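Hi everyone, thanks for making time this morning. I'd like to walk you through one model, and please stop me whenever you like.

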Amino acid sequence: LDSILDDDTPDYNKDLSRPLLELSEIYANVFGDEWRSFTYRKVANKLDKLPYKVSNADELKSIQGIGKSMITKVKEILSTGQLQKLVNLKANTQVQIMQLFASVWGIGPKVARRLYQAGHRSLIDVSGDSALSSMARIGLKYHHDISQRIPQAEVAAAGAFVRDILENLCPGAVMTVGGSYRRGHATCGDIDLLITHPDGHSHNGLLGRLLSILQELEFLVPFSSSSAESSTHKVDTYMGICKHPQYPHYRRIDFKFYPKECYAFALVYFTGNDVLNRRIRYLARTKGYKLSDQGLYPRIGSHKDAQASETSIPYDHNLLGGMHTDYFNGGLIRDIFSN
Ligand code: DCP
Ligand code: MG
Ligand code: MN
């Protein structure tokens, strides 16, 4: 279990996992095939976590989740040093262009395909497209900066900057820097901030007030169009671009505001990574529960009734609401896995 929770990978099998990850990205960005993309990413993650170097693909047969076709691919990499399928895809200009388009914040695989079909072949072409979302416009404008990884120290500095404002604005508010930063990575793709208030109500409406101060201070790039949306009534989300006054680059930043009774679950979700989240959600499901970013709920009825049961369970039935986060992160996950 520790090896699942610990994101420090020993790197014995990077030569195997890297091409699989590249295929994963192409499946998502070029073909919009999220399922296949996830399968490749999952196997790459498993290979990364092995405490030894794989020298014979048959060694992988006993590992759950690595199927025949993946073993065939690993064999090919071991014997030829590459994956012909990947080599072909990467040599294809259409693939290259659509990957570039989809690497822009605010442009997903569907829009990337539409832009290609509309005849665009470069980011300069794309910036002249009349149907871009405001997010994609900002994504294009800051594309160079936000494509760079962020050093851990700068993520910490940005977090401290926001925490300072937050604590003045709303005393007692609690903020955690999540995502890859919380997993101890040396560099991060973005800055993930998770915020709540232990009094149970002060988090309401806090997002808007915090955003306007951060924009006044020019920490946040002004960008409001449909960003301060809430995906459910429980969580307020904002995705934006920020720049710490003492650092030269613009960075991607995500804010999430949760009520305190969801916070432990939100913290697990927002710490990730996404593969771990899918695994523990699946595990919860096999044990008759539903795990989300907001709680752990008993499932009523059969798998077919899953949708109905989710909506029929009142929120207060959250089994572990309010439980101390450290217990949740360490203890609960450990308990689920050991049962
Ligand atoms: N998350 C998830 N599934 C997704 C997206 C996100 O479970 N499709 C969760 C797990 C992530 C967390 O949210 O760890 C933060 O998302 P990020 O996209 O910021 O990913 P990371 O912080 O893990 O990595 P990066 O360094 O690329 O930002
Ligand atoms: Mg992140
Ligand atoms: Mn993020």
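Let me start with how I name things: helices and strands here are DSSP runs, with at least four residues for a helix and at least two for a strand, numbered from the N terminus. With that in hand, Asn-273 can be placed in the loop between H14 and H15. Please keep in mind that this is a predicted model.

That loop has a feature I'd like you to look at. The peptide bond between Gly-272 and Asn-273 is cis, with omega at about 10°. Both residues also turn up around ligand 1, where the surrounding residues include Gly-272, Asn-273, Asp-274 and Asn-277. The rest of that shell is made up of Gly-179, Ser-180, Cys-188, Gly-189, Asp-190, Asp-192, Tyr-269 and Phe-270. Which elements give two or more residues to it? They are helix H12 (179-182), helix H14 (260-271) and helix H15 (274-286). By residue class, the shell splits into 6 polar, 3 nonpolar and 3 charged residues.

Now for the overall picture. The protein has 339 residues, of which 29% count as buried. You can count 17 helices and 8 strands in it. If we take the contacts with a separation of 6 or more, 57% of them come from residues 24 or more positions apart.

Next, the sheet. Four strands form an open sheet in the order S2-S4-S6-S5, and their pairing is mixed. At the edges are strand S2 (174-177) and strand S5 (236-242), each of which pairs on one side only. From one strand to the next, the twist averages 20°. As a general reminder, strands of a sheet pair through backbone hydrogen bonds, and the pairing can be parallel or antiparallel.

Let's zoom in on S6, which shows both kinds of pairing. Strand S4 (residues 191-196) runs parallel to strand S6 (residues 251-257), and 5 bridges join them. Within that pairing, Ile-191 stands opposite Ile-253, and Leu-194 has Lys-256 as its bridge partner. S5 and S6, by contrast, pair in the antiparallel sense, over 7 bridges. There you will find Asp-236 opposite Phe-257. Why is S6 described as largely enclosed by the rest of the structure? Because 6 of its 7 residues are buried.

A helix lies across this sheet too. Helix H11 (residues 152-169) crosses S2, S4, S5 and S6, and it runs at about 25° to S4.

Let me move to the earlier part of the chain, and to helix H6 (residues 93-102). Its buried residues are Ile-97, Met-98, Gln-99, Phe-101 and Ala-102. What do they pack against? Helix H2 (14-29), helix H7 (109-117) and helix H8 (123-127).

I'd like to pick out Gln-99 from that helix. Is Gln-99 buried or exposed? The cut-off for buried is 20 or more other C-beta atoms within 10 Å, and Gln-99 has 20 C-beta neighbours inside that distance, so it counts as buried. Leaving aside neighbours within four places in sequence, Gln-99 is in contact with Ile-26, Asn-29 and Val-30. Further along the chain, Gly-119 is 20 residues away from Gln-99, and their C-alpha atoms are separated by 15 Å.

Then there is Lys-73. UniProt lists Lys-73 under "active site", and that comes from an unreviewed entry. In the model, Lys-73 lies in helix H4 (residues 68-80). Lys-73 has 21 other C-beta atoms within 10 Å, so this residue is buried. Not counting residues up to four places away in sequence, Lys-73 touches Leu-20 and Leu-83.

One last stop, for those of you who like backbone angles. Glu-218 has a phi near 60°, which is a positive value in a residue other than glycine. Where does Glu-218 sit? In the loop between helix H13 (206-216) and S5. With 11 C-beta neighbours inside 10 Å, Glu-218 counts as exposed.

To recap the places worth a second look on screen: the cis bond between Gly-272 and Asn-273, the buried Lys-73, and the exposed Glu-218. Thanks, everyone, and I'm happy to rotate the model to any of these.

Technical notes. Residues are numbered from 1 along each chain as its sequence is written. Chains are lettered from A and ligands numbered from 1 in the order in which they are written. This is a predicted model: local features need pLDDT of at least 70, side-chain atom pairs count only at pLDDT 80 or more; totals for chains, interfaces and linings use all residues. UniProt positions are given in the numbering used here, feature names are shortened, and annotations may be inferred rather than shown by experiment. A residue is buried if 20 or more other C-beta atoms lie within 10 Å of its own, exposed if 12 or fewer, and partly exposed in between; C-beta atoms are placed from the backbone. Two residues are in contact if their C-beta atoms, placed from the backbone, lie within 7 Å. A residue is near a molecule or strand if its C-beta atom, placed from the backbone, lies within 6 Å of it. Ala, Val, Leu, Ile, Met, Phe, Trp, Tyr, Cys and Pro count as nonpolar, Asp, Glu, Lys and Arg as charged, and the others, Gly among them, as polar. Two strands pair if DSSP finds at least two bridges between them. Axes are lines fitted to C-alpha atoms, for helices over the stretch in contact, and angles run from 0 to 180 degrees between N-to-C directions.
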